[in-house]
Amino acid sequence: MVHHGKARHTFPMRKLSVALVSAVLCTMSFAGCGTDFTDGVNVPMPSETSVAGTPRYITYDTFSADPQAYTGTKHVLFFTADWCAECLATDVAYRKDPSLIPDDVTLIRTDFDLYENIRQLYEVTIQHTFVQIDGSGTMIKRWAASNPESLTKGLMR
């Protein structure tokens, strides 16, 4: 379009606005904004989940700070991701009911994205994977599972 001898470019503001709003909404949905995977249940953080004062479900940070505190139990890493619905459902189940974790097990919540080096060490390629390790950190077995009952089943194999 020419206006007074100069080229005048019109910019489609309406299309830009629609695209910008769409991008923001899409980003929010992928980030999980407004999504409550705990069904409104206020569950304690994994480092606080215990039965009779003995921690059963702890974070990897808690475990790595003092692994000797968990001697005498089977150590099982649970690789989970905040963006994985199956992981979150299993995580909430363990926090709400730590009796789902066998008495002789310390379940270690390990963030799939944050601990990439640990994930690579145990060749974990998908979230919601369990890895049983011995006291020196050597893998005993690994299995993928999508529900709390799979922990016990995997340990019995």
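## Helix H3 and its salt-bridge surroundings

Helix H3 comprises the 12 residues 85-96, which at 1.5 Å a residue should span 16 Å, and the distance of 16 Å between its end C-alpha atoms agrees with that expectation. The model is a predicted one, and in it the protein has five helices and eight strands. The points below begin with the whole chain, then turn to H3, to the salt bridges around it, and to one threonine of strand E6.

**Overall architecture**

- Read from the N terminus, the order of the elements is β-β-α-β-β-α-β-α-β-α-β-β-α.
- The protein has 157 residues, and 35% of them count as buried.
- Its accessible surface amounts to about 9,800 Å², with 57% of that area belonging to carbon and sulfur atoms.
- Among contacts with a separation of 6 or more, 61% are made by residues 24 or more positions apart.

**Helix H3 and the pair within it**

- The buried residues of H3 are Cys87, Leu88, Thr90, Asp91, Val92, Tyr94 and Arg95, a list that includes both partners of a salt bridge, since Arg95 and Asp91 meet through their side chains at 2.5 Å, N to O.
- Arg95 and Asp91 are four residues apart in helix H3 and are thus separated by about one helical turn.
- In an α-helix there are 3.6 residues a turn, so residues three or four places apart point the same way.
- Both charged residues are buried by the cut-off of under 20% relative accessible area, because Arg95 has a value of 12% and Asp91 a value of 0%.

**From the helix to strand E6**

- A salt bridge also joins the side chains of Asp82 and Arg109, with an N to O distance of 3.3 Å.
- Asp82 belongs to the loop between strand E5 (74-80) and H3, whereas Arg109 belongs to strand E6, so this pair ties together parts that lie 27 residues apart in sequence.
- The two partners are covered to unlike degrees: Asp82 is partly exposed, with a relative accessible area of 49%, while Arg109 is buried, with a relative accessible area of 16%.
- Asp82, Asp91, Arg95 and Arg109 are linked in a network of salt bridges, which brings together the helix pair Arg95 and Asp91 and the loop-to-strand pair Asp82 and Arg109.

**From the loop after H3 to strand E4**

- Five salt bridges are found in the whole structure, and one of them is formed by Asp103 with Arg56, whose closest N and O atoms are 3.2 Å apart.
- Because Asp103 lies in the loop between H3 and strand E6 (105-111) and Arg56 lies in strand E4 (residues 54-59), the pair ties together parts that are 47 residues apart in sequence.
- Asp103 is exposed, with a relative accessible area of 67%, whereas Arg56 counts as buried at 5% relative accessibility.

**Thr106 in strand E6**

- Thr106 is found in strand E6 and counts as buried, with a relative accessibility of 1%.
- The side chain of Thr106 is joined to that of Thr73 by a polar contact of 2.7 Å.
- When neighbours within four places in sequence are left aside, the residues in contact with Thr106 are Pro55, Arg56, Ile58, Tyr70, Thr73, Lys74, His75 and Val76.
- Arg56 therefore appears twice in this account, as a contact of Thr106 and as the salt-bridge partner of Asp103, with its location in strand E4 explaining why the bridge from the loop ties together parts 47 residues apart in sequence.

Definitions and conventions: Residues numbered from 1 in each chain as written. Predicted model: local features only at pLDDT ≥ 70, side-chain atom pairs only at ≥ 80, totals over all residues. Heavy atoms only, no water. Helix = DSSP H or I, 4+ residues; strand = E, 2+ residues; numbered from the N terminus. Expected span 1.5 Å × (residues − 1). Buried < 20%, exposed > 50% of the residue type's maximum accessible area, 1.4 Å probe, protein only. Contact = heavy atoms within 4.5 Å. Areas by Shrake-Rupley, 256 points an atom, 1.4 Å probe, with all protein chains shown as cover. Salt bridge = Lys/Arg side-chain N within 4 Å of Asp/Glu carboxyl O. Polar contact = N/O pair within 3.5 Å; in protein donor to acceptor, adjacent residues only side chain to side chain.
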